[in-house]
Amino acid sequence: MTFPILPRTLIASLCALGFSLGAQAESLDIRPGLWEHQVSMKSESGQLEQQLEMVRQQMEAMPPAQKKMMQDMMAEQGLSMDFSNQTVRNCLTEEEAARGEFQWGDNTDCEHNVVSRGDQTRIEFTCPDEQAQGEMVLDGDTAYTGQSTALMDFGGSPEKVTITHSGQWVSADCP
């Protein structure tokens, strides 16, 4: 059973959203531990949504051993993904939190602007290599919301995808 483009697309989207805040870390207060991220993507043509549905159906029909193999593959990348609900779980270590890293991949080329007001921190970002841009609003140290756009390739045809994302801290313990 193959997944045409979706896992790469979804992972690329998540990597485009995850970025290192490095030098700005002292202005952020991100709680380390297990985080759950909800991701909703909408493409201009609807191709992405069709692929998401196809993957959801394929995952439901997958034999348990094959499903475990796919979950193990994602776990090697530090991710736990639920394609049905478009959620991702990952662990943010104490060190990553101290450095201001909130990421699912290596994205050192992203530029960002951090503005803090009270309990909220707004982060605007642009990632030229991934052709992505957007913003996240951290609400305290345990939740965020945001919206991004990315240019993704669907079989040789670039298309704008709008990504709405939110996340919340789940627990101090990581699996």
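This is a short tour of one chain, going from its overall make-up to its largest pocket.

Begin with the whole chain in a cartoon view, keeping in mind that the model is predicted. Coloured by secondary structure, the chain shows four helices and 10 strands, and if you follow it along the sequence you will meet them in the pattern α-β-β-α-α-β-β-α-β-β-β-β-β-β.

Next, select all residues and switch on a surface, which exposes about 9300 Å², with 47% of that area supplied by carbon and sulfur atoms. Beneath the surface, buried residues account for 42% of the 175 residues in the chain. If you then display contacts between residues at least 6 apart in sequence, 61% of them join residues at least 24 apart.

Now turn to the largest pocket, which holds about 210 Å³ of space. To see its lining, select Leu34, Gln71, Ala75, Gly78, Leu79, Ser80, Met81, Arg89, Asn90, Cys91 and Pro175. Colour α3 (64-76), β3 (80-82) and β4 (87-92) separately, since these are the elements that each give two or more residues to that lining.

Which element should be selected for the largest share of the lining? That share, three residues, comes from β4.

Finally, recolour the lining residues by class, and the wall of the largest pocket divides into six nonpolar, four polar and one charged residues. With the lining still selected, Leu34 and Pro175 can be picked out as two of the residues that border the pocket, while β4 remains the element with the largest share of the lining.

Notes:
Residues numbered from 1 in each chain as written. Predicted model: local features only at pLDDT ≥ 70, side-chain atom pairs only at ≥ 80, totals over all residues. Heavy atoms only, no water. Buried < 20%, exposed > 50% of the residue type's maximum accessible area, 1.4 Å probe, protein only. Contact = heavy atoms within 4.5 Å. Areas by Shrake-Rupley, 256 points an atom, 1.4 Å probe, with all protein chains shown as cover. 1 Å grid on protein atoms, 1.4 Å probe; cavity = no way out; pocket = protein on both sides within 12 Å on 5 of 7 lines; lining within 4 Å. Points joined across faces, edges and corners; volume = space filled by probe spheres on them. Nonpolar A, V, L, I, M, F, W, Y, C, P; charged D, E, K, R; others polar.
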